[in-house]
Amino acid sequence: MGFDQFHGNPDTVQRLRAMLGRDRFPHAVILAGPEGSGKYTLAQMVAKAMNCLNSPLARRHDDQPGLGLAVEAPADNGLPDFCGVCRNCTRIAEADDLSARCEEAVETRESLRETDKKETRIFIQTHPEVLIIPPDPPQMMIKVDQVRHVTATIYYKPGEARRRVYIFTAAVFMKEAANALLKVLEEPPEFATIFLLAENPGALLPTIRSRCVTFQLAPLQREEIERLLAQRRSELNPKQRALVAALSGGAVGKALSFDLPLYLEARQDALTLLSTALLAQDHSALFKVTETYRAGAEGKEKTDRLIRTTYGLLRDLLALKSGTAELVRNRDIENELSSMARSAEFAWIATASRRLGEVESGMRRNLLRNLSLDSFVAALEK
């Protein structure tokens, strides 16, 4: 157990551990990278290393291990690590499964009275000194009340750990929330660290970025992802592993959790939409597909998956039109995509991407999903 369990980006991990070892860790850190690249996992690992009761850091500050265990946190070249078994490590680890903890928090809020529900914000906290702040549904943005809670607690010295740790799991802040966070970053306490996890750091205010140290997590090579999938997902055959590795974009977490059957279902629907717009005159297959996209939470999730998948197919069509077939991710259907690419001009692909963005925007305004998808295809018909 320790940092050796983190896949990829060894230089970044070593730099973070070196700053811990020198007791010079920044008060605010941006971990940037695509979805599933390990941002949250790495932030959790650093939180454990900061507060592990059996690490060299514990001896430096407390002169003795917190629990008197015979477990020594492993350290490469003297760099701090975490044991994974002490009280602090295990309590922090209870939040490792972020999606499950978020679902529990949302369910708990839904059980409240209507008046209390409106005033309650979503937080994840399994250790008193480590607070995780996810985007608050239904807008899925960090709200000002969430940041105000951080402001209200961050200046209290930790009682059960060496450092307070705050992890914002996304960079989507409402304007007032971003301004409130900026005030904290201007005068941070010496015993607290704030992590901002961002797929696109540019979504954060420049004034926030300037007060943080940014680390970019690079994607892993496809071959490395395939080897990991062979070890961790034995239900996938070699062709499936190759497809998942390509679709994950080098993100380990995305590859390990990738739901291939759901993706293939969405991809078939996306192919129907694009092929109808490009080639077909009969719309019966299209209407059969779009009729299945209904209102409600389940319909929203299905539509979001379709939109993401369609963007991916358009990206592959663009790669084929550009003569860079090696960039195609859906390699198992490359022949079918090549046939479509011959009928699709660059301008058509650009228009399709723009129209798809309009569909995505319409979903946020609760437009009828099946009609929006039909309209998307009709606007692209040649």
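This briefing describes the nonpolar cores, two helices, one cavity and several single residues of the structure shown above. The structure is a predicted model, and the values given below were computed from its atoms. The largest nonpolar core holds 38 residues, and another core, of 32 residues, lies apart from it. Helix α17 is described for the way its buried residues line one face, and helix α5 for its buried residues and the elements they pack against.

**The nonpolar cores**

- Among the 38 residues of the largest nonpolar core, the ones that touch the most other members are Phe3, Phe25, Leu31, Leu42, Val46, Ile167 and Phe195.
- Two or more residues of this core come from each of the helices and strands α1 (10–21), β1 (28–32), α2 (39–51), α4 (87–93), α5 (98–110), β3 (130–133), β4 (164–168) and β5 (192–198); the largest share, eight residues, is given by α2.
- Phe25 offers a view of such contacts, since, leaving out residues up to four places away in sequence, Phe25 touches Leu16, Met19, Leu20, Val46, Met50, Thr193 and Phe195.
- Apart from the largest core lies another one, made of 32 residues, and its members include Ala270, Ile349, Leu356 and Val377.
- As a general background, nonpolar side chains in soluble globular proteins tend to be buried together.

**Helix α17**

- Helix α17 covers residues 346–364, and at 1.5 Å a residue its 19 residues should span 27 Å, which agrees with the 28 Å that separates its end C-alpha atoms.
- The residues of α17 that count as buried are Trp348, Ile349, Ala352, Leu356, Val359, Gly362 and Met363.
- Seen down the helix axis, these buried residues of α17 fall within an arc of 130°, and therefore they line one face of the helix.
- An α-helix has 3.6 residues a turn, so residues three or four places apart point the same way.
- The buried residues of α17 pack against three other helices, namely α13 (260–278), α15 (297–321) and α18 (369–380), while the face turned away from the buried side carries the exposed residues Ala347 and Arg364.
- After α17 comes Asn366, whose phi is positive, near 60°.

**Helix α5 and Ala105**

- Helix α5 has 13 residues, and the distance of 18 Å from its first C-alpha to its last is close to the 18 Å expected at 1.5 Å a residue.
- Leu98, Ala100, Cys102, Ala105 and Arg109 are buried in α5, and the buried residues of this helix pack against α2, α6 (114–119), β2 (124–127) and β3.
- Ala105, which lies in α5, has a relative accessibility of 16% and therefore counts as buried, the cut-off for that term being under 20%.
- Leaving aside neighbours within four places in sequence, Ala105 is in contact with Ile122, Phe123 and Ile124.
- The C-alpha atoms of Ala105 and Glu129 are separated by 18 Å, and these two residues are 24 residues apart along the chain.

**Gln44 in helix α2**

- Gln44 lies in helix α2, and with a relative accessibility of 1% Gln44 counts as buried.
- Not counting residues up to four places away in sequence, Gln44 touches Ile92, Ala95, Asp96, Val130, Ile132 and Ile167.

**The cavity**

- The count of cavities of 30 Å³ or more comes to one, and the largest cavity has a volume of about 40 Å³.
- The lining of the largest cavity is formed by Glu265, Ala266, Asp269, Tyr293, Lys302, Arg305 and Leu306, with α13 and α15 being the elements that give two or more residues to it.

**Backbone details**

- The peptide bond from Pro137 to Pro138 is cis, with omega near 5°, and Pro138 lies in the loop between β3 and α7 (144–153).
- Met140 is also found in the loop between β3 and α7; although Met140 is not a glycine, it has a positive phi of about 55°, and at 44% relative accessibility Met140 counts as partly exposed.
- Asn9, which is placed in the segment before α1, has a positive phi of about 50° although it is not a glycine, and at 12% relative accessibility Asn9 counts as buried.

Technical notes:
Residues numbered from 1 in each chain as written. Predicted model: local features only at pLDDT ≥ 70, side-chain atom pairs only at ≥ 80, totals over all residues. Heavy atoms only, no water. Core = buried A, V, L, I, M, F, W, Y, C linked by side-chain atoms within 4.5 Å. Buried < 20%, exposed > 50% of the residue type's maximum accessible area, 1.4 Å probe, protein only. Helix = DSSP H or I, 4+ residues; strand = E, 2+ residues; numbered from the N terminus. Contact = heavy atoms within 4.5 Å. Expected span 1.5 Å × (residues − 1). Arc of directions from axis to C-beta. 1 Å grid on protein atoms, 1.4 Å probe; cavity = no way out; pocket = protein on both sides within 12 Å on 5 of 7 lines; lining within 4 Å. Points joined across faces, edges and corners; volume = space filled by probe spheres on them.
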